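Here's a quick tour of one protein chain, written for someone who likes to poke at the coordinates. Have a look at the model first, then read on.

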Amino acid sequence: SSTNPRRFMRRRTLFVAVGTLVAALIAVAVYFATNDSGTAAVSPTSAPGTTTPTADQQLVNTVNLRLSDLPAGFGKVPPIGSNLTPAQQRSQTRAVNQLAGCLGMPEAFIAGLFGNLAQTDQTAAGDSPTFASAATPTTIADSHTTVVKTTNDATADAAPFTKANFTSCFSQFQNASVAAQVSGGTATVTSVPLFAPTGVGAYGYLTTSKLPGQGTLLTEMAFMIGGRIETGLTIQTTGTAISTDVFDSAYTAMVQRIADAGRT
């Protein structure tokens with residue numbers, strides 16, 4: 001069976017989210033208002049029963065964010081689209097190449113992690129469902145997990161995060177991403193310290209995007225790498241802060257599953 005070529009960090013960058021996210025957050029509020037429950041079924045990415053998932057695909061599904069990882073008040077909602085125009089795609093390529101230059105790393109490698117190129121070490125990948133709070137302003141949470149061939153591959157993929165200038169380079173990347181989608185939009189990134197179990201590397205970042213005419217978007221991301229697993233958790237809101245209860249609940253559950261999987 002074919003694997004999803006999306007990188008574990010690619011959709012976690014604002015580039016493919018910010019242009020539609022504010023409207024999507026409003027749509028989620030409408031969705032909750034017009035449905036009896038936020039747990040309505042969402043169509044799976046593939047028809048059930050057609051193929052048996054590989055062991056690595058099952059691992060992806062096990063690690064990804066679950067509704068039970070989140071506090072009460074969350075429900076499953078339809079996935080948010082992330083289509084880019086040709087001009088935005090060109091801007092993304094430029095931003096990815098600039099990020100590679102800033103980090104002093106090969107463009108193809110960074111494009112595999114943050115852009116559109118296929119990552120050669122991947123064996124399986126997949127997205128969690130999209131979950132959202134019924135409260136206003138809405139908070140959206142989801143994750144993307146990739147399993148790679150070897151633990152050495154995963155260690156190599158973690159290299160960008162270990163560079164002293166990653167946060168400043170990533171801030172430039174996010175700013176370029178937002179500016180390409182929203183005229184006059186700006187973004188800044190701050191590092192968020194994360195505790196992780198032995199055997200897991202965890203790197204947290206909070207992006208504050210100011211979108212003229214739309215307000216402010218907060219995006220908190222945790223990138224977790226352990227064993228052969230690479231996961232990006234994303235929580236976004238148009239509120240004034242991301243709930244620590246929401247982030248801590250989701251992060252703690254996921255990082256523990258990664259640690260447990262690495263010990264088997």
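Is C169 buried or exposed? In this predicted model, C169 is buried, because its relative accessible area is just 1%. That cysteine is a handy place to start, since it's half of a disulfide with C102.

**The disulfide**

Search the whole structure and you'll turn up one disulfide. The sulfur atoms of C102 and C169 sit 2.0 Å apart, and the link is left-handed, with -80° about the S-S bond. C102 belongs to helix 3 (residues 86–103) and C169 to helix 7 (residues 166–181), so the bond ties together parts that are 67 residues apart in sequence. As for C102, a relative accessible area of 25% makes it partly exposed.

Here are the two cysteines alongside T139, which lies in strand 4 (residues 139–148):

| Residue | Relative accessible area | Class |
|---|---|---|
| C102 | 25% | partly exposed |
| C169 | 1% | buried |
| T139 | 12% | buried |

**Around T139**

What does T139 touch, leaving aside its neighbours within four places in sequence? Its contacts are F74, F131, A132, S133, I235, Q236, T237 and V246. T139 counts as buried because 12% relative accessibility falls under the 20% cut-off.

**Two helices side by side**

Next up is a helix pair. Two packed helices are described by the angle between their axes and the distance between the axes. For helix 2 (residues 55–63) and helix 8 (residues 244–262), the axes come within 9 Å and cross at roughly 150°. That crossing makes helix 2 roughly antiparallel to helix 8, because angles over 145 degrees get that label.

Which residues do the touching? From helix 2 it's L59, T62 and V63, and they meet M254, R257, I258 and A261 of helix 8. By type, the residues of this contact split into five nonpolar, one polar and one charged.

**The chain overall**

Zooming out, the secondary structure comes to eight helices and eight strands. The chain has 264 residues, and 49% of them are buried. It exposes about 11,700 Å², with carbon and sulfur atoms supplying 55% of that area.

How about contacts across the sequence? Take those between residues at least 6 apart in sequence: 69% of them join residues at least 24 apart. The disulfide is a covalent link across the sequence too, tying together parts 67 residues apart.

Definitions and conventions. Residues are numbered from 1 along each chain as its sequence is written. This is a predicted model: local features need pLDDT of at least 70, side-chain atom pairs count only at pLDDT 80 or more; totals for chains, interfaces and linings use all residues. Side-chain values use heavy atoms; hydrogens and water are left out. Axes are lines fitted to C-alpha atoms, for helices over the stretch in contact, and angles run from 0 to 180 degrees between N-to-C directions. Helices (H or I, at least four residues) and strands (E, at least two) are DSSP runs, numbered from the N terminus. Angles under 35 degrees count as roughly parallel, over 145 as roughly antiparallel, 65 to 115 as roughly perpendicular and the rest as oblique. Contact means heavy atoms within 4.5 Å. Ala, Val, Leu, Ile, Met, Phe, Trp, Tyr, Cys and Pro count as nonpolar, Asp, Glu, Lys and Arg as charged, and the others, Gly among them, as polar. Buried means under 20% relative accessible area, exposed over 50%, partly exposed in between (1.4 Å probe, protein chains only). Accessible areas come from the Shrake-Rupley method with a 1.4 Å probe; for residues, only the protein chains shown count as cover. A disulfide is a pair of cysteine sulfur atoms within 2.5 Å.
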